[in-house]
Amino acid sequence: MTLADSTTEIPVRERFAELGQRILDGGEISRDEAIELARIEDNADIMDLLAWANRIREQFKGNKIHLCSIVNAKAGACSENCSFCAQSADYQTESPRYGFVDPEPVEEAMSEANANDVTAVGLVAAWRGLKEGPMLDEVCDRIREMKENGKSRPDASLGLIESQAVADRLKDAGLSCYGHNLESSRRFFPEHCTTHTFEDRLKTIQFLKTAGIKICSGGIIGMGEEREDRVDLAMQLREIDANVVPINILNPIEGTPLENQEPLPPMEILKTIAVFRFILPRKEIMIAGGRTVNLRDMQSMVFTAGASALMVGNYLTTLNQPVEKDLQMLRDLGLDPDWDNDFADQVSADGGCDSRCGCDHQPAEASTTA
Ligand code: SF4
């Protein structure tokens, strides 16, 4: 069997070996090569692809698994119209609505995370974004309290940021990583959101990077996008040098425009995770919302497909399986949730991040000042 669209027409197994070995040797794949992989249909071929993705994960991530949980600090009544989201004010859903929370629920979430070896806890709010003013002061207070309150890293996902000053304030409060998904490709984005743009999201990420904050950015698959859109999302995440890449799988919520969207087959989901690992070999690829409902008994295969991070505890508007069950799954697979490398494993052997990063990790020869 050959890859149908491959110009090389070499057997598929040899093609995986060629691309996989190139990544193990420190190289990368092109958009066209990633699309070749994303178009594979045969289950036996997908299993071969997963085996290579697993090998790449093991080489660059070892057996460490980064765990995240979230605390919903402000729920519902969001001004934006993301078509997958139960928290948009545009849609009639059963999702709860409440204003910005007091310190206690955040403290509880931190304590639970500390008890379960969870790497990071994200403070999440359903609103358009964060501006300077009293709300930013309150957010910074909560981040400071989280930092004082245990060993899990305080992260935040608080929507669009429209000035450098806001990102700098978050950094000063002790924030080291911010979650801001691109959601899908630049082409597909306007089909699921019209109240803000893909460029708005990229601009937010740029402010955060300039402030020295690590980036957690991924997307949601299964919204009706093409395979090429998923590849383009991963390529864009490679371009912005995201540190953590959450892959959410649509869980259609009654009352949203996507309530009747056909679910992605589990093998298509696993293949997508593998393609992300080929494109982003050193990054934390995190499986987030929609895992339980879409993958069911195949959840543990996300690690074979190349995932190195897991969202545990409940999601924003839907339930997840209990944390104890996830921890047992990791133990059964020989994986270790004790992750505390501060993203040091995303630095290449020559001491530098890849050419797009722009961080302080310059290769030894490039760091020599004139
Ligand atoms: S995804 Fe975020 S910005 Fe979009 S509607 Fe939901 S809460 Fe609002």
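A search of the whole structure, which is a predicted model, finds 31 salt bridges. Three individual pairs are described below, namely Glu18 with Arg22, Glu183 with Arg201 and Asp229 with Arg187, followed by a network that includes Glu41 and Lys271.

**A pair within one helix**
- Glu18 forms a salt bridge with Arg22, and the closest N and O atoms of this pair are 3.8 Å apart.
- Because Glu18 and Arg22 are 4 residues apart in helix H1 (residues 12–24), about one helical turn separates them.
- Glu18 counts as partly exposed, with a relative accessibility of 37%, and Arg22 also counts as partly exposed, at 26%.

**Pairs that involve the loop between S6 and H7**
- Glu183 forms a salt bridge with Arg201, with 3.8 Å between the closest N and O atoms.
- Glu183 lies in the loop between strand S6 (177–179) and helix H7 (189–192), whereas Arg201 belongs to helix H8 (residues 198–211), so the pair ties together parts that are 18 residues apart in sequence.
- Glu183 is buried, with a relative accessible area of 9%, and Arg201 is buried as well, with a value of 9%.
- Asp229 forms a salt bridge with Arg187, the closest N and O atoms lying 2.6 Å apart.
- This pair links distant parts of the chain, since Asp229 is in helix H9 (residues 227–240) and Arg187 is in the loop between S6 and H7, 42 residues apart.
- Asp229 is buried, with a relative accessible area of 3%, whereas Arg187 is partly exposed, at 48%.

**A network**
- Salt bridges also link Glu41, Glu225, Arg227, Arg230, Glu268 and Lys271 in a network.

Technical notes
Residues are numbered from 1 along each chain as its sequence is written. This is a predicted model: local features need pLDDT of at least 70, side-chain atom pairs count only at pLDDT 80 or more; totals for chains, interfaces and linings use all residues. Side-chain values use heavy atoms; hydrogens and water are left out. A salt bridge is a side-chain nitrogen of Lys or Arg within 4 Å of a carboxyl oxygen of Asp or Glu. Helices (H or I, at least four residues) and strands (E, at least two) are DSSP runs, numbered from the N terminus. Buried means under 20% relative accessible area, exposed over 50%, partly exposed in between (1.4 Å probe, protein chains only).
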